[in-house]
Amino acid sequence: MASFFQDKNVTLGVTGGIAAYKSVELLRLLTKAGARVRVIMTENARWFVGPGTFQALSGEPVCTSVFDEGDAAIRHIDWAQSTDLAVVAPATANCIGKLAGGIADDALSTYMLAVTAPVVICPAMNTNMYAHPAVQRNLDILRGYGHFIVEPDAGQLACGTTGPGRLPDPAYIVEKLTAVMAPDDFAGRTILVTAGPTREAIDPVRFISNPSSGKMGFAIANAARQRGARVKLVCGPVALADPVDVEVHRVDSTRAMHDSVMSLLDDVDIVIKTAAVSDYRPASPAVHKIKKTADHLTLALEKTTDILREIGQRKGARLVIGFAAETRDLQENAAQKLRDKNLDLIVGNVIGEAGSGFAGDTNKVTLFYPDGKAEPLEMMGKEDVAHRLLDRIAAMPKP
Ligand SMILES: Cc1cc2nc3c(=O)[nH]c(=O)nc-3n(C[C@H](O)[C@H](O)[C@H](O)COP(=O)(O)O)c2cc1C
């Protein structure tokens, strides 16, 4: 899996809130992503989760006091100097106040004053506490220091109140942390990604479609957002959750995808079209369900609008990247599509090869460039393909 956490030092600060149990899962996800995680707990956090849990899962000593035994007297300074990212989750109102005021009366608050790496704060508390002007002022002060704040979720809280204050899911926090760790090479650029299949109605209960899962397009949308882009994702019917911080437009037919894409195109700098749209649709879909009476049934099909060609024609200063899924003659077909549709790059894959194409989590693609160059990539996860593709797009001259 592509990971910006591989071999990075992450410090996880845990404070005395009811959501402290979620930081155990956060630690697990970060270590799974390749990070070396060191935990600093407040005295009050120990009331909610024992240091032994963090120690066992991180494989590292847990710092709970500036005055721990042994080498711990300077541990907070050592850790502050060697960390690549510091995250406090959950961050209590008390901790937020201390960080805003520069108070250093325990291991975590002392450490946080010494750290120079990016800092992410995940507030979690009762809704009224969160809404209090003192807490909001303190969060603004932290923003002013350049710290990233992960806004709490709204919903029913453990204390019985309803409203903002709940610590988001650890997987969501990891997505936010990834955006902090990833390069910012697409900052200021807007990317439109299409994904998934389309459905062309035969009658009200049947349609023509294909097995595209949307995973490749979703991986690209997510990777581009991690790298600082503003991302719009237009997708056909897929069983995937909206990626974090991506503007998602869900459509069904090729016509609906066309209309959505064209309405969004104006302020887009880069278009990446992974969607497996239907080339043909039933010319006259039946108004009512077709009954099983005749022995043979012939469907008259008509061509759908060629979305990629139209984007190529309206290209302007945009970069346009297409995908070609072929069962044979990949090089010839991809090269022709690249020329015909005025593309800057086309990503080709052979359907039917192991580990490549629709639905799976891996892909084996070849990148074809307008100068005739072909760059075959080894088989890899779709997230890695997404980042490799973005690496190549980042290297293209900006208009
Ligand atoms: C059961 C319980 C749950 C608590 N949950 C929270 C919480 O979610 N957020 C918060 O800011 N404080 C919460 N508190 C209050 C903090 O524990 C208290 O302010 C403490 O001083 C925080 O210490 P620390 O910031 O050093 O960890 C809770 C207290 C108790 C007893």
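Helices, here taken as DSSP runs of H or I with at least four residues, are numbered from the N terminus. The exercises below concern a predicted model.

**Exercise 1. The overall chain**

Task: Describe the protein chain by its secondary structure, its extent and its share of buried residues.

Solution: Begin with the secondary structure, which comprises 13 helices and 21 strands in the protein chain. Next take the extent, for which the C-alpha trace spans about 80 × 50 × 40 Å along its principal axes. Then turn to burial, where 41% of the 399 residues in the protein chain are buried. Finally, consider the contacts between residues at least 6 apart in sequence, of which 67% join residues at least 24 apart.

**Exercise 2. The shell around the ligand**

Task: Establish which helix gives the most to the shell around the ligand, and what classes of residue the shell has.

Solution: Start from the shell itself, in which 15 residues surround the ligand, the closest being G16, G17, T42, T92 and M125. The element that gives the most to this shell is helix 4 (residues 93-101), with three residues. Sorted by class, the shell has eight nonpolar and seven polar residues, and no charged ones.

**Exercise 3. The surroundings of helix 4**

Task: Determine which residues of helix 4 are buried and what covers them.

Solution: In helix 4, the buried residues are A93, C95, I96, K98, L99 and A100. Their cover includes two strands, strand 3 (85-91) and strand 4 (119-123), together with helix 5 (107-114), helix 6 (127-131) and helix 7 (133-144). Following the chain just past helix 4, one comes to G102, which takes a positive phi of about 75°. Strand 3, part of the cover, also holds P90, and the peptide bond that leads from A89 to P90 is cis, with omega near -5°.

**Exercise 4. Two helix pairs**

Task: Characterise the packing of helix 1 with helix 8 and of helix 9 with helix 13.

Solution: Two packed helices are described by the angle between their axes and the distance between the axes.

For the first pair, helix 1 (residues 20-32) and helix 8 (residues 170-181) pack with their axes 9 Å apart, at an angle of about 50°. That angle makes helix 1 oblique to helix 8, and the crossing of the two is right-handed. On the side of helix 1 the contact is made by K22, E25, L26, L29 and L30, and on the side of helix 8 by P170, A171, I173 and V174. By class, this contact of helix 1 with helix 8 has seven nonpolar and two charged residues, with no polar ones.

For the second pair, the axes of helix 9 (residues 215-226) and helix 13 (residues 382-395) cross at roughly 55° and come within 8 Å. Helix 9 is therefore oblique to helix 13, and helix 9 passes helix 13 in a right-handed crossing. Helix 9 contributes K215, M216, A219, I220, A223 and A224 to the contact, while helix 13 contributes K382, E383, A386, H387, L389 and L390. By class, the contact of helix 9 with helix 13 has eight nonpolar residues, one polar residue and three charged residues.

**Exercise 5. The environment of I149**

Task: Place I149 in its strand, and decide whether I149 counts as buried, partly exposed or exposed.

Solution: The residue belongs to strand 5 (residues 148-149). For the burial class, a residue is buried if 20 or more other C-beta atoms lie within 10 Å of its own, and exposed if 12 or fewer do. Because I149 has 17 C-beta neighbours inside 10 Å, I149 counts as partly exposed. Leaving aside residues up to four places away in sequence, I149 touches I121, P123, L139, L142 and R143. As for K176, which is 27 residues from I149 along the chain, the C-alpha atoms of the two are separated by 9.5 Å.

**Exercise 6. Positive phi outside glycine**

Task: For D329 and N342, give phi, the place in the chain and the burial class.

Solution: D329 is not a glycine, although its phi is positive at about 50°. D329 lies in the loop between strand 16 (319-326) and helix 12 (330-340), and since 11 other C-beta atoms are within 10 Å, D329 is exposed.

N342, likewise a residue other than glycine, has a positive phi near 60°. The loop that holds N342 runs between helix 12 and strand 17 (345-350). With 16 other C-beta atoms within 10 Å, N342 is partly exposed.

Notes
Residues numbered from 1 in each chain as written. Predicted model: local features only at pLDDT ≥ 70, side-chain atom pairs only at ≥ 80, totals over all residues. Axes fitted to C-alpha atoms, helices over the stretch in contact; angles between N-to-C directions. Parallel < 35°, antiparallel > 145°, perpendicular 65-115°, else oblique. Left-handed = near helix turned anticlockwise from the far one by under 90°. Contact = placed C-beta atoms within 7 Å. Nonpolar A, V, L, I, M, F, W, Y, C, P; charged D, E, K, R; others polar. Near = placed C-beta within 6 Å.
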